[in-house]
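Please look through the sequence and the structure shown here, with attention to the ligand and the residues around it. The paragraphs that follow start from the ligand's surroundings and then turn to the chain.

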Amino acid sequence: MQKHVSVRQFKDQPLSADMKQQLMTAAQSGSSSNFVQAFSVIEISNKTIKDELAEISNSAPYVKKSGVFYVFVADLYRQSKMLKDAKKSTDGLKNMEELLVASVDTTIAAEDMAVAAESLGLGICYIGGIRNDIRRVAELLHLPRFTFPLFGMTIGFPENKNQVKPRLPKSNQFSVDTYDISSFTDLTDYDQQIHNYYLNRGSNNQSTDWTEKNVDFFKEIRRDDIGSFLKDQGFSLN
Ligand SMILES: Cc1cc2nc3c(=O)[nH]c(=O)nc-3n(C[C@H](O)[C@H](O)[C@H](O)COP(=O)(O)O)c2cc1C
């Protein structure tokens, strides 16, 4: 796990059926809040659909050329059906808590799949870029109410790998008993490390650092259509 890097260049080699079975089993094996198993995974094999998802996500080369591309769907549709069959209200699925439950279950499943894939010598890259047009993705995949596409994951045999990206100093992320701002170290050294990483890595070199990247990323509101899409899918966001 300490060797993890996102892989964005794959060999043109599909995964075997056996490997895909192992990955699916790994994804199903994780913890699940109250055992609701609130996720589904859609393998994208149709070229037209894959091409459109690749364009939407701005990650075209490594979505199109990989061993397999999955879309992870946060999914409370099954529960909505069970409630309807039992003639009960679906209000209990609508609030933010349940949206978080489904998002967390889906993320745990995805990361278990990622770790399993890497243990088989494969490379992975999460593709949050599918949320660039979340409504179209839901339409393309015929997603019912009480579901939403959280991210994609492209998996395959690595053609090329970047170096491991240095993580934050531990004192800035781990503490005991309290959120301890006083133990945070100044990020000058870390920014320098990240600057060197981006400047020297094997592909997509950039002159930036962690602080600059984050300010740039969060300086304006992104994907402001997600809330209204989730409301249309049945969630109240309360
Ligand atoms: C939920 C999620 C969505 C992501 N979406 C994308 C994406 O759309 N395109 C991409 O190239 N990388 C994507 N990434 C990969 C991150 O950029 C990457 O994990 C991060 O820069 C750390 O680098 P590393 O994975 O190589 O350690 C995503 C990662 C996560 C966890």
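In sorting residues by kind, Ala, Val, Leu, Ile, Met, Phe, Trp, Tyr, Cys and Pro count as nonpolar, Asp, Glu, Lys and Arg as charged, and the others, Gly among them, as polar. By this scheme the shell around the ligand divides into 6 nonpolar, 5 polar and 3 charged residues. This is a predicted model, in which local features need pLDDT of at least 70 and side-chain atom pairs count only at pLDDT 80 or more, while totals for chains, interfaces and linings use all residues. Residues are numbered from 1 along each chain as its sequence is written, and side-chain values use heavy atoms, with hydrogens and water left out.

Of the 14 residues around the ligand (those with a heavy atom within 4 Å of it), H4, S6, Y62, G128 and K165 come nearest. Strand β4, residues 123–127, gives the most to this shell, with 3 residues; strands here are DSSP runs (E, at least two residues), numbered from the N terminus, and helices are runs of H or I with at least four residues.

Several side chains place an N or O atom beside an oxygen atom of the ligand, at 2.7 Å for H4 and at 2.8 Å for R8, and a polar side-chain atom of R167 also lies 2.8 Å from a ligand oxygen atom.

Over residues 4–156 the chain is 44% helix and 20% strand, with its end C-alpha atoms 14 Å apart.

Conventions
Polar contact = N/O pair within 3.5 Å; in protein donor to acceptor, adjacent residues only side chain to side chain.
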